Amino acid sequence: MDDWEEEGTTPSFTPASSTNEAPQRNFWNGDAGDSGKNGDTWNQSSRGRGGFGRGGRGGRGRGFRRSDQDELNGDDGDRGDSENGFRGRGRGGRGGGFRSGGEQRGRGGGGYRGRDEDILTAAGDSGGAENKDGADGERPKVTYIPPSLPEDEDSIFSQYKMGINFDKYDDILVDVSGTNLPPAILTFEEAKLCESLKNNISRSGYVKPTPVQKYGLPIISAGRDLMACAQTGSGKTAAFLLPILQQLMADGVAASRFSEIQEPEAVIVAPTRELINQIFQEARKFAFGTCVRPVVVYGGVNTGYQMREIQKGCNVLCGTPGRLLDMIGRGKVGMSKVRHLVLDEADRMLDMGFEPDMRRLVASPGMPPKEERQTLMFSATFPEDIQRLAADFLKVDYLFVAVGVVGGACADVEQTFIQVTKFNKRDKLLDLLRTTGSERTMVFVETKRQADFIAACLCQEKLPTTSIHGDREQREREKALADFRSGKCPVLVATSVASRGLDIPDVQHVVNYDLPNNIDDYVHRIGRTGRCGNVGRAVSFYDPDVDSQLARSLVGVLSKAQQEVPSWLEESAFSAHGSSSYNPSGRTFASTDSRKGDSFQDRSSSATTPAAAPPAAAAADDEDWE
Ligand SMILES: Nc1ncnc2c1ncn2[C@@H]1O[C@H](COP(=O)(O)OP(=O)(O)OP(=O)(O)O)[C@@H](O)[C@H]1O
């Protein structure tokens, strides 16, 4: 264990498993840890931009830095079986197949952590479930049982307030491609939902559907497969939950305790524990008062507890991939009744980290083939290469819905950039946070240790701060989120583990202390604010020494969100990539169903509303900036 993480706490920052020495040192301006001088080492090890290229999927700057890899696979990856594990492409992961829990072997336990490295497991992440009752001999049994969820209606239906720009959703261009498109709905009434669902929708404060819901509901109700891309915070979760629940209720499914193996009708997967938990809570809300029972399984929580929850009856199983596969492997859930399979954050679920798990999931015993199930994919970003891969999981005639610019940032987020150096960024952060007062702010950093370090520094400066990252225990992660949500700690320092999907009310501000190394991550991170028609602000620290590879994509995102592009950023983009293909002018719309690149257009019809079809140059333009 790295001494960095062993001791000391701060008034409100208490990373129990990974406490650090920060309070004893003058970290803010001092020379410990990642400050200037030593920061060199720190930064070099953690910001190696060149590492882990994606091969075959280039062009979007989606390379993986060491820390990304670690974060992605260690916890963001959230393979229940491989927390903190290192996972590279094609590492074989779980060893495939479905063994019983007892047979599953440990993940190599322990791990090596050098001073400037995050955890690398000695034996990779092969095999096994996270909680094997100590079977691997080295990992302590996971005992954490999350607190019971509130049962009272007020808590269940606590609402995210619609913002002043909610009605502007109506102006966003929507492009649907594929054949035999079901007509979009304009109101929830048109969706022909059953009474209990309608009541739950109105109790949730939903008055009218967002664009992705207007198109998604009828498409899903018609039984079609769907790939949907819509901006962050625009209601994708309800877009898939409502029609699935409607279908289950119409079919009269009901949870039954009387079966040893539970066979859910719907399976939903998402890449992080917090996100899947959130989706589960949304499902629980919409299913309130009905016979449909959602259950959630994810890593970091006692497996026995989750098995007991499943055994109480399970119609909608929400899970992170590792724990879900573990439950299947243990024979606690069967897949033979699955009619709806949802991949939320689908581009991440099919990215290098999770693709093998997704393939295992669809190949798991009993899982109906794609022709016999409905597969739904949702995200705010959908790179073309991932779309092509996704087609393996979808029926040939799947529909593609693009709300606005595929991969575009939410226009309700005001994006600004500050040029920094590694020597002055901490002071800049402090200056910034001093002006934001008690505004709820998420600060994204690159590494887990950086998260602890910055959080400790901020606490030392009397800014109540907490942190979330993959080295924290699940109990701590959930506590950190709860403290942030409640406002006890209005600043949350996070790694990319918190970049996708989290829907936390009143986050006014996102700070990219370290910019991510790919543009999609940027779009998801800043999407933690400016949700559901609310406005938000994102401030990104741009260090020309390390961030220039992102400049061009950033200019593209800013332009397309009709935001001011700083001239220095434009220059940086220009010089980083040459002038021949540089085109900062943002189009207002681009449908990027990857099938349009080939002969698909001949086979499909395409509807673009409310405005005219995109200009023919749009596709080429899209290529330009990505
Ligand atoms: N029709 C609606 N009316 C009012 N509020 C809504 C509506 N649809 C969704 N919401 C609320 O908007 C918020 C954002 O929705 P959601 O989390 O589903 O966004 P998302 O598109 O999945 O975002 P992300 O891309 O970040 O995952 C939630 O609090 C949700 O309850």
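These legends walk through close-up views of one predicted model.

**View 1. Two domains, one chain.** Start with the overall split: the protein chain is divided into domain 1, covering 153-403, and domain 2, covering 413-575. If you put a point at the C-alpha centre of each domain, those two points sit 28 Å apart.

**View 2. Where domain 1 touches domain 2.** Here we zoom in on the contact between the two domains. On one side there are 26 residues of domain 1, and they are in contact with 20 residues of domain 2. Two helices to look for on the domain 1 side are H7 (273-286) and H10 (346-349), each supplying at least two residues. H7 gives the most to that side, with four residues. Sorted by class, the domain 1 side is a mix: 11 nonpolar residues, eight polar ones and seven charged ones.

**View 3. Inside the largest nonpolar core.** Now for the interior. In soluble globular proteins, nonpolar side chains tend to be buried together. The largest nonpolar core in this model has 143 residues, and the members touching the most others are Leu226, Leu245, Val401, Val443 and Ile454. Helix H6, residues 236-250, gives the most to this core, with nine residues. Both domains take part, as the core draws at least three residues from each of domain 1 and domain 2.

**View 4. A closer look at Leu245.** Which residues is Leu245 in contact with, leaving aside its neighbours within four places in sequence? They are Leu197, Phe286, Ala287 and Val292. Leu245 is also one of the core residues that touch the most other members.

**View 5. Helix H9 under cover.** Is helix H9, residues 321-329, mostly covered or mostly open? It's mostly covered, with nine of its nine residues buried. The buried set takes in charged residues, Arg323 and Asp326, along with Leu324, Leu325, Met327 and Ile328, among others. The cover over these buried residues includes three strands, E3 (266-269), E4 (294-297) and E5 (316-319), plus helices H8 (303-311) and H11 (355-362). Just after H9, look for Gly331, which takes a positive phi of about 75°.

**View 6. The annotated Q motif.** This last stretch comes with a label from a record: an unreviewed UniProt entry annotates residues 186-214 as "short sequence motif: Q motif". Over residues 186-214 the chain is 45% helix and 0% strand. How far apart are the end C-alpha atoms of this stretch? They are 6 Å apart.

Terms used:
Residues numbered from 1 in each chain as written. Predicted model: local features only at pLDDT ≥ 70, side-chain atom pairs only at ≥ 80, totals over all residues. Core = buried A, V, L, I, M, F, W, Y, C linked by C-beta atoms within 7 Å. Buried ≥ 20, exposed ≤ 12 C-beta atoms within 10 Å, placed from the backbone. Domains from an automatic or database assignment. Contact = placed C-beta atoms within 7 Å. UniProt positions renumbered as here; feature names shortened; annotations may be inferred.
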